[in-house]
Structure formats: structure tokens, C-alpha cells
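Got the viewer open? Here is a short tour, stop by stop, with something to select at each one.

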Amino acid sequence: MIMLSQKNCPKCRVLEEYLKMGLKDRYVNDIEVVMREDNEKSFMNYARKYGIMATPALIAGDDVLHSPSNEDALDFLEKHIQ
């Protein structure tokens, strides 16, 4: 699973903290975080391919969750990660 994120994105920080603290890093090995500032080319390739206009976004195969709430993110993770 891919998570698109940006360093100065408040919603990204909230989701990252939820994944780390709320879910106790349960999915840390299942999510590849692509930070725009660290890997702009890869970030933009995903953004263009999946029509992502805002972060954070979760991508699993061809399924994309745009700007998820914590609850939506958990449902998406449970759906796609065994």
C-alpha cells in the first residue's frame, strides 16, 4: 500500500499520528509513505495516475482513498491488508 503525504500537510500529520499512536504502528511494514518533498517524481506519477489532488491519499492496487478520516483509513487498511 502507498500513502502519499507532504511535510506541511496538517491532515497528513493527523493520519500519520493515528497510524503510529492510535494503531500502534500495526501497519508500519505494510505502508510505503511517498513524501512529495523527498520523492517528487514518484509522488507526481502516483498523483497523475490516480487523479489525486490532495493529501493524504492511500493507494492499494487500483483502489484509492482520498483525504481519509482516521476511521475511513482503518477500514481501507483492514480491507486491503491481511
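**First stop: a loop threonine**

Select T55, which sits in the loop between α2 (40-50) and β3. Keep in mind as you click around that this is a predicted model.

Is T55 buried or exposed? Its relative accessible area is 8%, and since the cut-off for buried is under 20%, T55 counts as buried. Now show what surrounds T55: leaving aside residues up to four places away in sequence, T55 touches L4, S5, Q6, C9, K11, C12, F43 and S67. Pick Q6 out of that set and turn on side chains, because the side chains of T55 and Q6 make a polar contact at 2.9 Å.

Step along by one residue to P56, still in the loop between α2 and β3. Look at the peptide bond from T55 to P56: it is cis, with omega near 0°.

**Second stop: strand β1 and its partners**

Next, select residues 2-5, strand β1. Which residues lie on each side of β1? I2 and L4 are on one side, M3 and S5 on the other, and all of them are buried, leaving both faces of the strand covered.

Add residues 32-35, strand β2: β1 and β2 run parallel and are joined by four bridges. To find one partner pair, click I2 and then E32 in β2.

Then bring in residues 57-60, strand β3, which runs antiparallel to β1 and is joined to it by three bridges. Here a pair to click is M3 with L58 in β3.

**Third stop: helix α1**

Show residues 10-22 as a ribbon together with β1 and β2. That helix is α1, and the three elements make up a right-handed β-α-β unit.

Try the distance tool on the end C-alpha atoms of α1: they are 17 Å apart. At 1.5 Å a residue, a helix of 13 residues should span 18 Å, so the two values agree.

Now highlight C12, L15, Y18 and L19, which are buried in α1. Look down the helix axis and you'll find the buried residues within an arc of 125°, so they line one face of α1. The spacing fits a familiar rule: an α-helix has 3.6 residues a turn, so residues three or four places apart point the same way.

What covers the buried residues of α1? The cover includes β1 and α3 (70-80), so to speak the next things to switch on. Flip the view to the face turned away from the buried side, and there are the exposed residues P10 and M21.

While you're on α1, select E17, another residue of this helix. E17 is partly exposed, at 46% relative accessibility. Draw a line from its C-alpha to that of N70: E17 and N70 are 53 residues apart in sequence, yet 9.9 Å apart in space.

**Last stop: the loop after α1**

Move on to K24 and D25, both in the loop between α1 and β2. Check the backbone angles of K24 first: phi is positive, about 55°, although K24 is not a glycine. D25 is not a glycine either, and again phi is positive, about 55°.

Finish by colouring the pair by accessibility. K24 is exposed, with a relative accessible area of 67%, whereas D25 is partly exposed at 34%.

Terms used:
Residues numbered from 1 in each chain as written. Predicted model: local features only at pLDDT ≥ 70, side-chain atom pairs only at ≥ 80, totals over all residues. Heavy atoms only, no water. Buried < 20%, exposed > 50% of the residue type's maximum accessible area, 1.4 Å probe, protein only. Helix = DSSP H or I, 4+ residues; strand = E, 2+ residues; numbered from the N terminus. Pairing = 2+ DSSP bridges. Right-handed = clockwise from strand over helix to strand, strands pointing away. Expected span 1.5 Å × (residues − 1). Arc of directions from axis to C-beta. Contact = heavy atoms within 4.5 Å. Polar contact = N/O pair within 3.5 Å; in protein donor to acceptor, adjacent residues only side chain to side chain.
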